[in-house]
Amino acid sequence: MWGEGRRWWRCMGGGLGVGLMVVWVVRVCLILTITLLMLLVSLLLKNRITLQEADASIPVQANVYAFKEALEASVGVSGDSGKSSVKVLPGCPSTPPHLVGEVKVEESVTVKEAEARHGASVKYGGFSWPEHCEARWSVAIIVPYRDREHQVGAFLNHMHPFLQRQQLNYSIYFVEQDGTELFNRARLLNVGFLESHKEGPWDCYAFHDVDMLPENDYHLYHCSAQPRHLAVATSNNKYRSSHGILYHTYYGGACLMGEGHIRKVNGWSNIYWGWGGEDDDMWRRITFADMAVWRYPAHFAKYKMIKHKRQIVNEDRYKILKRNTGRYPYDGLKNLNYTIKTVTRHPLYTHILVDIGSSSAQDDPTNKKFSGHNNKKT
Ligand code: BGC
């Protein structure tokens, strides 16, 4: 047995054979290591390319200076960019770097106090944009308004730094209903869309109540592929309900829509006078137009509602809602009548005073018997 082993050893050339085997093993190991390294490098490169492609798919505002110039030309805002200073800024990161998460809401701030705090970082008329990068989104913030002077300061004081930390191009428009007619939130939103559109370009429009203040700045006001309901969980409802919302089709308080979404549904209905119903109507328009309402999780999409006087409720809203779908093509942006009374630029916002007509005019042709409105205080 032992003798056979020695013969085999001799056959293999003894020590020389072992040496060759070691060299061969080392070669194989080297080849394997190099192949693995190459695989790793190609994987890393592939990931980088995927990320770049993903970034490129997000429509980015062409150039922040072009935005400034467009604004200056259209509304006479004096920015600090001259034609000579045109330069291309790097795109803002997809996750804004200065977000803080939970933000405290200060309810008692006057407009003067808000101006003193934020006047330096906002251009006259309520415009703002990031100084050091090219914003990914331009958003018009449209606030339907009447008789809420005490809430304006709190809103401006809260929203400007909130939107600035999100590195947006944005502007705030207050659209005030002239006269003493019942409040028509939806008409004001339509007017706000059409009037702010003239001063764009805006990628999307936030329809935002003055008393709704977001409590977490991770709740991004970035535009989405589908209309987005913003005010998911609100303090007046104890941030409650199944899935964090009041009811499944709730669309009130604040929402964000692209121009395409708005035009596809012919804007908001014009026929809801008094409190309620117009947001439910918009939900139906969106789903009827085969779109979906998106929402962020309730722990981000949290809003504090500032207390205010009771409003007159539209007791007919459910009746009007029932007859909604057939009405969409002609009740909305297409048949909206209004007269702009004044447009005033304030340090932190633009104020549009508008006459939107009266509720006594029969404005729902789908209901010939419908004679007026049944409203009571809530
Ligand atoms: C009204 C909506 C309102 C909701 C929540 C509904 O009855 O029609 O307009 O947003 O209540 O308050």
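These legends accompany several close-up views of a predicted model.

**View 1. The ligand and its shell of residues.**
Let's start with the pocket: the ligand sits in the largest one. Around the ligand are Leu-246, Tyr-247, Tyr-250, Trp-275, Gly-276, Gly-277, Asp-279, Asp-280, Arg-317 and Tyr-318. Sorted by class, this shell contains 5 nonpolar, 2 polar and 3 charged residues. Two helices, α8 (278–288) and α9 (317–322), each contribute at least two residues to the shell.

**View 2. Polar contacts of the ligand.**
Which residues place polar atoms beside oxygen atoms of the ligand? Asp-279 brings a polar side-chain atom to 2.5 Å from a ligand oxygen. For Tyr-318, an N or O atom of the side chain lies 2.7 Å from an oxygen atom of the ligand. Gly-277 takes part through its backbone, with a polar atom 2.9 Å from an oxygen atom of the ligand. On its own the ligand would expose 310 Å², and the protein buries 82% of that.

**View 3. An aromatic pair between a helix and a strand.**
The structure holds 11 aromatic pairs, and this view shows one of them, Phe-193 with Tyr-205. The ring centres of Phe-193 and Tyr-205 are 4.8 Å apart and the planes meet at 75°, so the arrangement counts as edge-to-face; the cut-off for that class is over 60 degrees. Phe-193 belongs to helix α6 (residues 185–197) and Tyr-205 to strand β4 (residues 204–208), so the pair links distant parts of the chain, 12 residues apart.

**View 4. A cis peptide bond in the loop between α6 and β4.**
Here is a detail of the backbone to look out for. Most peptide bonds are trans. Gly-200 and Pro-201, however, are joined by a cis peptide bond, with omega at about 15°. Pro-201 is found in the loop between α6 and β4, the two elements that hold Phe-193 and Tyr-205 of the previous view.

**View 5. A positive phi at Lys-238.**
Most residues other than glycine have a negative phi. What is the phi of Lys-238? Its value is positive, about 55°, although Lys-238 is not a glycine. Lys-238 is located in the loop between β7 (233–234) and β8 (254–258).

How values were computed
Residues numbered from 1 in each chain as written. Predicted model: local features only at pLDDT ≥ 70, side-chain atom pairs only at ≥ 80, totals over all residues. Heavy atoms only, no water. Near = heavy atom within 4 Å. Polar contact = N/O pair within 3.5 Å; in protein donor to acceptor, adjacent residues only side chain to side chain. Areas by Shrake-Rupley, 256 points an atom, 1.4 Å probe, with all protein chains shown as cover. 1 Å grid on protein atoms, 1.4 Å probe; cavity = no way out; pocket = protein on both sides within 12 Å on 5 of 7 lines; lining within 4 Å. Sits in = over half its atoms within 2 Å of the grid points. Helix = DSSP H or I, 4+ residues; strand = E, 2+ residues; numbered from the N terminus. Nonpolar A, V, L, I, M, F, W, Y, C, P; charged D, E, K, R; others polar. Phe/Tyr/Trp six-rings, centres within 6.5 Å; stacked < 30°, edge-to-face > 60°.
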